Amino acid sequence: MADNDTQIQLVTFQLGEEVYGVDIMGVKEIVRIQDIRAIPSAPYYVEGILNLRRQIIPIINLHKRFRLAQPEKTEGDSNEFDGGFIILNIDGNNIGIIIDRIARVVMVESSEIKPPPQMLTGIGSEYIRGVIKRDEGGYVIMLDVNRLFDPKELQKIIDFQ
């Protein structure tokens, strides 16, 4: 058995048809869908702000950021936790990302994380830390939350708080 230094816990979630994961150490919490207040003059991928227990958190739409199609709701969709926000800690700042569906927390070996291909489903490889094959087929795209925004973008998002 590998020691704990070679294992990473990922919070996995769905955006469109793909499954993504982020290191659990960068996740503050997972929140059900709530009302977001729009912000004038915000970057195109900033949906607005969320007042979460008296803390103002900017909410990012990764569909827009990654130029992914929004999922279509069908009559058969359940009322389970089909969407919400993952609140991330990025450089000491809380930023929420919209997710379509939370998957689960999984433990992966560092050796299972393969380098990202040049281009994956329209997302630039600069945002991707790696790709992990899943037992049930397919893969998990592991995002690097610290590279989702360059320092100027991050400062602009934080200024909206």
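Start by selecting Asp100 in this predicted model. You'll find Asp100 in the loop between strand S7 (93–99) and S8. Is Asp100 buried or exposed? Its relative accessibility is 13%, and since buried means under 20%, Asp100 counts as buried. Now show the side chain of Asp100 and add Gly16 to your selection: that side chain reaches the backbone nitrogen of Gly16 at 2.5 Å.

Next, step from the loop into S8, and colour S8, S1, S2, S12 and S11. Read in that order, these five strands make up an open sheet with mixed pairing. Look at the two edges, where you'll see strand S8 (101–109) and strand S11 (128–133). Each of them has a single partner strand, so one side of each is left without a neighbour in the sheet. Turn the view a little to look at the twist, which averages 30° from one strand to the next.

Stay at the S11 edge for a moment. Strand S12 (residues 139–143) runs antiparallel to S11, and five bridges join the two. Want one spot to zoom in on? Pick Lys133, which stands opposite Tyr139 in S12.

Now for the rings. Select Phe13, Tyr20, Phe66 and Tyr127, and show their side chains: ring pairs link these residues into a cluster. How many aromatic pairs does the model have? The count comes to five. When you look at any such pair, check the distance of the centres and the angle of the planes, as these describe a pair of aromatic rings.

Last stop: select Arg65 and Tyr45. The charged end of Arg65 sits over the ring of Tyr45, 4.6 Å from the ring's centre.

Key
Residues numbered from 1 in each chain as written. Predicted model: local features only at pLDDT ≥ 70, side-chain atom pairs only at ≥ 80, totals over all residues. Heavy atoms only, no water. Phe/Tyr/Trp six-rings, centres within 6.5 Å; stacked < 30°, edge-to-face > 60°. Lys NZ or Arg CZ within 6 Å of the ring centre and 35° of its normal. Pairing = 2+ DSSP bridges. Helix = DSSP H or I, 4+ residues; strand = E, 2+ residues; numbered from the N terminus. Axes fitted to C-alpha atoms, helices over the stretch in contact; angles between N-to-C directions. Buried < 20%, exposed > 50% of the residue type's maximum accessible area, 1.4 Å probe, protein only. Polar contact = N/O pair within 3.5 Å; in protein donor to acceptor, adjacent residues only side chain to side chain.
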